[in-house]
Amino acid sequence: MNIILQQKKLLGINGAGRIGKLTLWHHLLSRKFDGIVLNVGREVGKSMEDLVQSLTTDSTYGNLSLFLYGRAGKRCKVEIVDSEKHIVEIDGIPVKLLMTERNPHNINWKEEGVRVVVDCTGKFLDPSLADNDGKGSILGHLAGGAEHVIASAPFKIKATDFDIENTPTLIYGINHTCFDPARHKVISAASCTTTGLAHMIKPLLEDPETNHVLTASLSTVHAATNTQSVLDTVPAAGATDLRKNRSVLNNIILSSTGAAKTLEKVIPEISHFGFMADSIRIPTPSVSLIALNITFSSRMNEQGVPYISGDYLRDIYRRASEGEQKGLLHFSMKQNVPMDLLGMPAAITIEGKEIHTRTGFLKIPAEILESLHINNIQDINIPVTHAKIFGWYDNEFGSYVTCLGKLTEYISNSLD
């Protein structure tokens, strides 16, 4: 009774870690797929019941019934339909669990009836590797019969001569409509920080007063992840980031992030100004904060008041939250803390009360102008406005998995 193969539209998920499990939860909530095939890649516990328990409970978001229905009292029905074929029905949606293959090349997605796969392992991020690479390759999913694969992390391409045009990085609400089913077989959905940052900076680049950016930097105050150690451990041979081996429970960990670099693949115009980024890991379970420092070439009105002010930026974000980015950018004038925004289904929540600006003047002396062959001009004072903007994002479910899920649904619908 392989009921899942009788379904019309199936989604494949590879990996049952943080993003894999929450991707399952997203699609159980959105109900845009008739069934799901989840490749766990190994045996779990002593029985299928142990795996089902792991998939339907979560220390950050609670149990699945509470997640789907809140405290209304309705229970999420979970029933093992076929133990031999590992088919379970969760809230009316059949889920088939694959528990043997870890190499994408060996997962028979065609036999399962899956056209679109979301790879949430974080392991297969180099599309330049052959589909039959011994350690596994994201292209292996295509060899197994999938038509399109979405990686839930930025690509890490080692080959210097690889053509990246056909392997785009797409973020829902930013550039997802660039998807071309004929060309784009393997896609990256970027990272949680890049997703939040993209929606944070998009309205600024579209406004005529704030699109003249001189430079920008960000620090993401980031919740803990499974790449960190619960207790201090000894670094591996060749390790360069020794802080990640220190206890996540007891420390603030300075780290790096590729968010700004990845953003250039999504919004190419940011490459025209300098963008630095770093990460500060803190011991919280989810919801992170982007602290964006950005400097604009500014204008002054006839009264000598700068156009760009805190109120001006608040209006930009307020309009964006009510317009094109509605549902993806949330504007808040509340004094938020992370747990207020756990599960918030928006790519970014702008902390309106904490937007600050300061306008100064860049003085260019006449002698410098003369060295540039600009003569007969006195000293020039150019107004420059620096802004500090904060944005919250649920780096697990609310922001990232929600945008990943919407991108997945868009790609799947494009195939119909």
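## Cysteines, a loop aspartate and a helix pair

Student: How many disulfides does the count come to here?
Tutor: Bear in mind that this is a predicted model. A disulfide calls for two cysteine sulfur atoms within 2.5 Å. By that rule the count comes to zero.

Student: Take Cys 192, then: which cysteine has the nearest sulfur, and how far away is it?
Tutor: Cys 192 is in no disulfide. Seen from the other side, the sulfur of Cys 403 has its closest cysteine sulfur in Cys 192, and the gap is too far for a bond. So the partner to name is Cys 403, at 11 Å.

Student: Is Cys 403 buried or exposed?
Tutor: The cut-off for buried is under 20% relative accessible area. Cys 192 meets it with 14%. Cys 403 has 4% relative accessibility, so Cys 403 counts as buried.

Student: What about Asp 91, buried or exposed?
Tutor: Asp 91 lies in the loop between strand E4 (87-90) and strand E5 (93-98). Leaving out residues up to four places away in sequence, Asp 91 touches Arg 31, Leu 68, Tyr 69, Cys 76 and Lys 77. Its relative accessible area is 12%, so Asp 91 is buried.

Student: At what angle do helix H1 and helix H10 pack?
Tutor: H1 covers residues 18-30 and H10 covers residues 397-414. H1 passes H10 in a right-handed crossing. Their axes are 9 Å apart, and the angle is about 65°.

Student: And how do the residues of that contact of H1 with H10 divide?
Tutor: On the H1 side they include Ile 19, Leu 22 and His 26, and on the H10 side Phe 397, Tyr 400 and Lys 406 are among them. The split is seven nonpolar, seven polar and two charged.

Technical notes:
Residues numbered from 1 in each chain as written. Predicted model: local features only at pLDDT ≥ 70, side-chain atom pairs only at ≥ 80, totals over all residues. Heavy atoms only, no water. Axes fitted to C-alpha atoms, helices over the stretch in contact; angles between N-to-C directions. Helix = DSSP H or I, 4+ residues; strand = E, 2+ residues; numbered from the N terminus. Left-handed = near helix turned anticlockwise from the far one by under 90°. Contact = heavy atoms within 4.5 Å. Nonpolar A, V, L, I, M, F, W, Y, C, P; charged D, E, K, R; others polar. Buried < 20%, exposed > 50% of the residue type's maximum accessible area, 1.4 Å probe, protein only.
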